Amino acid sequence: MVYTRQNQSTLTKAQKRRFVNAVLALKRTGRYDEFVRTHIEFYTGDGDGGLRVAHMTPSFFPWHRKFLLEFETALRQVDPGVSVPYWDWTVARTPAASLWAEDFLGGNGRRSDHRVTTGPFAQQHGDWTVTEAVTDGDFLMRDFGRPQDPIALPSKAELAGAMDESVYDKVPWNSLSPAGFRNKLEGWPSRRGDRTWYNHNRVHRWVSGHMLGAGSVNDPVFWLHHAFVDLCWSRWRQRHPRAAPYLPAEQRDERVLAAGDTMPPWDTPVGDMLDHSSLYRYE
Ligand code: CU1
Ligand code: CU1
């Protein structure tokens, strides 16, 4: 049965409660922290050795699609009526958005230590202790807009800059790829030393706190952010029907996956993740 992923801004109070309750249930069983650990394990960048599966690489989109599907399957085992909502950050752009309300993801961290003190993921409520972190502290942290060095969420025009790219990805298939949809949306700066982060990466930086690094899955907004990134990939394919859906077609760089290669840790072929229409759709 094909299910729907909804825009978070259209969720009813009951839908928000069911999503939050399913996330908290996975946290209680330890399942949630397995997802955090998997993401930390695959946070390999250009500067590290070995295969790049999840970040700074063409398989950024298929790897995260599979990762979200695994999480969503776990959520739906708790409550079959739940799916991962998406956060369109070109529209819900401020700390006042309903996304950050007490009844959904809770709000910003407090000024002194960035500790989130509102909503279901505030540590003092006893349901959300960060255990798999790359930073100190067992409470969830956010620092919206990074006030000490202000940054805004990506605009519609900035997202369009990625969506207009007619090629999926380009040599050197990493964070320095000068063009191509993948790096424009993943959002690495175009040159070393350039501090302009685009689209996906900028959103991590805007939320800040735990969303900054390998441990970003500790903040449940990770899933809503990546559902929107996944939606953008889906729309990009619709917009460029004649473009190769994935590149490189063949493996010429041992650190990069081609369409026929399988993605750890699931051994899922990249090519199996190029079309989600038999599984879910975006409303
Ligand atoms: Cu990631
Ligand atoms: Cu991300």
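In the predicted model, arginine 93 is situated in the loop that joins α3 to α4, and with a relative accessibility of 31% this arginine counts as partly exposed, because the partly exposed class lies between the under 20% of buried residues and the over 50% of exposed ones. Although arginine 93 and serine 155 are separated by 62 residues in sequence, their C-alpha atoms are 8.8 Å apart in space. When residues up to four places away in sequence are not counted, arginine 93 touches Ala152, Leu153, Pro154, Ser155 and Trp206.

The loop between α3 and α4 also holds glycine 145, which has a relative accessibility of 11% and therefore counts as buried. Glycine 145 lies 60 residues from arginine 205 in sequence, while the distance between the two, taken from C-alpha to C-alpha, is 7.6 Å. Beyond its neighbours within four places in sequence, glycine 145 is in contact with Pro150, Ile151 and Trp206; Trp206 also appears among the residues touched by arginine 93. Arginine 146 is placed in the loop between α3 and α4 as well, and at 12% relative accessibility it counts as buried.

The backbone of arginine 146 deserves a separate remark, since most residues other than glycine have a negative phi, and most peptide bonds are trans. Arginine 146, although not a glycine, has a positive phi of about 45°. Serine 208, likewise not a glycine, has a positive phi of about 60°; this serine is found in the loop between α6 and α7 and is buried, with a relative accessible area of 5%. Two cis peptide bonds can be described alongside these residues: one runs from leucine 247 to proline 248, with omega near 5°, and the other from proline 264 to proline 265, with omega near 0°. Proline 248 belongs to the loop between α7 and β2, the latter being residues 262–263, whereas proline 265 belongs to the loop between β2 and β3, the latter being residues 268–269.

Attention then turns to the metal sites. The copper ion (ligand 1) has as its protein donors the NE2 atoms of His39, His55 and His64, at 2.0 to 2.1 Å from the ion, and along the chain these donors follow the spacing H-x15-H-x8-H. Histidine 39 lies in helix α2 (residues 31–41) and histidine 64 in helix α3 (residues 60–78), and this pair, 25 residues apart, links distant parts of the chain. Both histidine 39 and histidine 64 are buried.

The copper ion (ligand 2) has as its protein donors the NE2 atoms of His200, His204 and His226, which lie 2.0 Å from the ion, and the spacing of these donor residues in sequence is H-x3-H-x21-H. Histidine 200 is located in helix α6 (residues 199–207) and histidine 226 in helix α7 (residues 221–239), so this pair ties together parts of the chain that are 26 residues apart in sequence. Histidine 200 and histidine 226 are both buried. The distance between the copper ion (ligand 1) and the copper ion (ligand 2) is 4.1 Å.

Valine 171 offers a further position for description, in the loop between α4 (156–163) and α5 (181–186). With a relative accessibility of 57%, valine 171 counts as exposed, because the cut-off for exposed residues is over 50%. Valine 171 and alanine 92 are 79 residues apart in sequence, and their C-alpha atoms are 34 Å apart in space. Leaving aside neighbours within four places in sequence, valine 171 is in contact with Ser177 and Pro178.

Considered as a whole, the protein chain contains seven helices and four strands, which run from the N terminus in the order β-α-α-α-α-α-α-α-β-β-β. Its radius of gyration of 18 Å is close to the 19 Å that the globule rule gives for 283 residues, so the chain is as compact as a globular protein of that length. The C-alpha trace spans about 50 × 45 × 35 Å along its principal axes, and 55% of the 283 residues count as buried. Among contacts in the chain with a separation of 6 or more, 68% are between residues 24 or more positions apart. The accessible surface of the chain comes to about 12,100 Å², and carbon and sulfur atoms account for 50% of this area. Finally, the chain carries 35 positive and 34 negative side chains, with the centres of the two sets lying 5 Å apart.

Notes. Residues numbered from 1 in each chain as written. Chains lettered and ligands numbered in written order. Predicted model: local features only at pLDDT ≥ 70, side-chain atom pairs only at ≥ 80, totals over all residues. Heavy atoms only, no water. Donors = N, O, S within 2.8 Å, 3.2 Å for Na, K, Ca; no water. Helix = DSSP H or I, 4+ residues; strand = E, 2+ residues; numbered from the N terminus. Buried < 20%, exposed > 50% of the residue type's maximum accessible area, 1.4 Å probe, protein only. Contact = heavy atoms within 4.5 Å. Rg over C-alpha atoms; globule rule 2.2 N^0.38 Å. Areas by Shrake-Rupley, 256 points an atom, 1.4 Å probe, with all protein chains shown as cover. Lys, Arg positive; Asp, Glu negative; His and termini not counted. Charge placed at Lys NZ, Arg CZ, Asp CG, Glu CD.
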